[in-house]
Amino acid sequence: MSLSMFDLTGRRALITGSSQGIGFALAKGLLGAGASIVLNGRNEDKLANAVEELRAEGGTVAYSAFDVTDHAAAAVAVDKIEDEIGPLDILVNNAGMQQRAPLEDFPAADFDRLMLTNLNSVFNVGQAVAKHMIPRGKGKMINICSVMTMLARPGVAPYTASKGAVANLTKGMATDWAPKGLNINGIAPGYFKTELTDALVKDAEFSGWLEKRTPAGRWGTVDELVGAAIYLASDASSFVNGHVLYVDGGMTACV
Ligand code: GCO
């Protein structure tokens with residue numbers, strides 16, 4: 001039965017930045033495909049609420065609160081997950097932030113914080129999880145990129161740089177770790193209604209521009225990212241590596 005290749009029953013997934021937004025939607029989607037879930041964030045109250053909401057869906061859900069920008073803390077937390085919860089089969093590096101300002105006015109400290117959150121976190125958590133996956137000879141990682149991986153727009157140059165780097169880090173991770181049995185790929189969301197884009201959704205002028213600029217003519221909804229995540233987290237993508245899958249309503253296909 002072809003659908004069985006998408007079944008995640010018996011697999012365990014860690015999703016960073018998953019108490020809300022895209023991360024929470026992907027956690028819910030992977031749970032629905034049979035995986036047990038470990039949520040991550042820094043705020044334990046938000047995580048506990050998210051765990052309760054997912055447990056109501058049925059399935060096994062836990063959380064690990066740690067700062068993905070802290071290399072040492074990520075390693076300790078991943079070791080703890082492996083020891084106390086169980087081996088990780090899937091990692092979704094979703095944690096990220098956005099800050100919009102003209103580049104000439106962008107504070108240096110904020111630039112550094114954004115890169116630590118969007119890029120260093122992929123290295124920090126990816127390396128920590130890879131150290132456990134490599135001896136097992138298998139594992140799946142999905143790095144959340146963006147249409148900003150390919151395109152820029154006014155006021156988000158640091159974010160654009162970070163998401164371009166995440167896509168190339170994805171290729172580097174695939175190059176080093178595919179020989180060891182791992183699959184490392186990316187998902188590049190277009191414009192989706194989340195907490196991160198709330199200000200844009202409420203901006204009628206921006207929303208009007210977006211709907212014209214996107215061939216599908218609308219914002220995406222986060223559940224439309226779940227299929228791509230299940231595919232890249234499952235056996236169905238066993239020979240896919242270093243690929244960035246754009247889920248963007250066609251935005252990067254046209255001018
Ligand atoms: C922006 C948005 C985008 C989206 C997303 C698109 O200000 O243009 O925040 O960056 O968040 O990354 O893929």
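Here is a short briefing on the chain as a whole and on one of its residues, Ser 36. The model is predicted, and its chain holds eight helices along with seven strands. Its radius of gyration is 17 Å, which agrees with the value near 18 Å that a compact globule of 255 residues would have.

**Overall dimensions and packing**
- Measured out along the principal axes, the box filled by the C-alpha atoms comes to roughly 50 × 45 × 40 Å.
- Buried residues make up 50% of the 255 in the chain.
- Looking at contacts with a separation of 6 or more, you will find that 73% of them join residues 24 or more positions apart.

**Surface and charge**
- About 11,600 Å² of the chain is exposed, and 55% of that area comes from carbon and sulfur atoms.
- The chain carries 22 positive and 27 negative charges, and the mean positions of these two sets lie 4 Å apart.

**A closer look at Ser 36**
- If you would like a residue to zoom in on, Ser 36 sits in strand β2, which covers residues 36-41.
- Ser 36 counts as buried because its relative accessibility is 14%, and the cut-off for buried is under 20%.
- Leaving aside residues up to four places away in sequence, Ser 36 is in contact with Arg 11, Arg 12, Ala 13 and Thr 60.

Conventions. Residues numbered from 1 in each chain as written. Predicted model: local features only at pLDDT ≥ 70, side-chain atom pairs only at ≥ 80, totals over all residues. Heavy atoms only, no water. Helix = DSSP H or I, 4+ residues; strand = E, 2+ residues; numbered from the N terminus. Rg over C-alpha atoms; globule rule 2.2 N^0.38 Å. Buried < 20%, exposed > 50% of the residue type's maximum accessible area, 1.4 Å probe, protein only. Contact = heavy atoms within 4.5 Å. Areas by Shrake-Rupley, 256 points an atom, 1.4 Å probe, with all protein chains shown as cover. Lys, Arg positive; Asp, Glu negative; His and termini not counted. Charge placed at Lys NZ, Arg CZ, Asp CG, Glu CD.
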